[in-house]
Amino acid sequence: MTHLYRIVCRKRSTLTDFASTGNVYWMPNRAGYTNDITLAGLYTALELDECAGNGYDWFAERIK
């Protein structure tokens with residue numbers, strides 16, 4: 001079974017905890033950012049390995 005993830009951009013989010021509504025997500029194909037969860041990209045674990053980052057600027061939120 002393949003799990004899917006949304007990528008949350010910590011540098012652009014205004015979250016104070018992981019349940020906050022201030023999350024900013026990466027769009028599909030790493031093509032920008034959105035605060036609309038319905039427009040957020042869905043990534044596999046293999047695709048996460050290809051994502052660059054600096055200083056823990058993003059985290060993956062697993063889709064249930």
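Me: Are Trp26 and Trp58 buried or exposed?

Reply: In this predicted model, Trp26 is buried, and Trp58 is buried as well.

Me: How many aromatic pairs does the structure hold, and how is such a pair described?

Reply: In general, two aromatic rings are characterised by how far apart their centres are and by the angle between their planes. The structure here has 1 aromatic pair. Its members are Trp26 and Trp58, whose ring centres lie 5.7 Å apart; their planes meet at 55°, so the pair is tilted. This pair connects distant parts of the chain, since Trp26 belongs to strand S2 (residues 25-26) and Trp58 to strand S4 (residues 58-62), with their positions 32 residues apart in sequence.

Me: In what order do the elements of the protein chain run?

Reply: One reads the elements from the N terminus on, and here they follow the order β-β-β-α-β. The count is 1 helix and 4 strands.

Me: Which residues make up the largest nonpolar core?

Reply: The general idea is that nonpolar side chains in soluble globular proteins tend to be buried together. In this structure the largest nonpolar core consists of 8 residues, namely Tyr5, Ile7, Cys9, Trp26, Tyr43, Leu48, Cys51 and Trp58. Strand S1 (residues 5-9) contributes the most to this core, with 3 residues. Both tryptophans of the aromatic pair are thus found again among the core residues.

Me: Which residues is Tyr5 in contact with, leaving aside its neighbours within four places in sequence?

Reply: Tyr5 touches Gly41, Leu42, Tyr43, Thr44, Ala45, Leu48, Ala60, Glu61, Arg62 and Ile63. Two of these partners, Tyr43 and Leu48, also appear in the largest nonpolar core.

Me: What share of the contacts in the protein chain joins residues at least 24 apart?

Reply: One considers contacts between residues at least 6 apart in sequence; of these, 50% join residues at least 24 apart.

Me: Why does Asp57 count as buried?

Reply: A residue is called buried when its relative accessible area is under 20%. Asp57 has a value of 17%, and therefore it is buried. Asp57 sits in the loop between helix H1 (45-49) and S4. Setting aside residues up to four places away in sequence, Asp57 touches Val8, Cys9, Arg10 and Lys11.

Me: What is the value of phi at Asn29 and at Arg30?

Reply: Phi is near 60° for Asn29, a positive value in a residue other than glycine. For Arg30, phi is near 55°, again positive in a residue other than glycine. Asn29 lies in the loop between S2 and strand S3 (33-34), and Arg30 is located in the loop between S2 and S3 too. Asn29 counts as exposed because its relative accessibility is 71%, whereas Arg30, at 41%, counts as partly exposed.

Me: Where is Thr38 found, and with which side chain does its own side chain make a polar contact?

Reply: Thr38 is part of the loop between S3 and H1. With a relative accessible area of 64%, Thr38 is exposed. The side chain of Thr38 forms a polar contact with that of Asp36, at 2.6 Å. Thr38 and Tyr25 are 13 residues apart along the chain, and their C-alpha atoms are separated by 9.8 Å.

Me: What percentage of the residues counts as buried, and how much area does the protein chain expose?

Reply: For the protein chain as a whole, 31% of its 64 residues count as buried. The chain exposes about 4700 Å², and carbon and sulfur atoms supply 52% of that area.

Technical notes: Residues are numbered from 1 along each chain as its sequence is written. This is a predicted model: local features need pLDDT of at least 70, side-chain atom pairs count only at pLDDT 80 or more; totals for chains, interfaces and linings use all residues. Side-chain values use heavy atoms; hydrogens and water are left out. Helices (H or I, at least four residues) and strands (E, at least two) are DSSP runs, numbered from the N terminus. Buried means under 20% relative accessible area, exposed over 50%, partly exposed in between (1.4 Å probe, protein chains only). Contact means heavy atoms within 4.5 Å. Accessible areas come from the Shrake-Rupley method with a 1.4 Å probe; for residues, only the protein chains shown count as cover. Rings of Phe, Tyr and Trp (its six-membered ring) pair if their centres lie within 6.5 Å; planes under 30 degrees apart count as stacked, over 60 as edge-to-face and the rest as tilted. A nonpolar core is a set of buried Ala, Val, Leu, Ile, Met, Phe, Trp, Tyr and Cys residues joined through side-chain atoms within 4.5 Å. A polar contact is a pair of N or O atoms within 3.5 Å; within protein, one must be able to donate a hydrogen and the other to accept it, and residues adjacent in sequence count only if both atoms are side-chain atoms.
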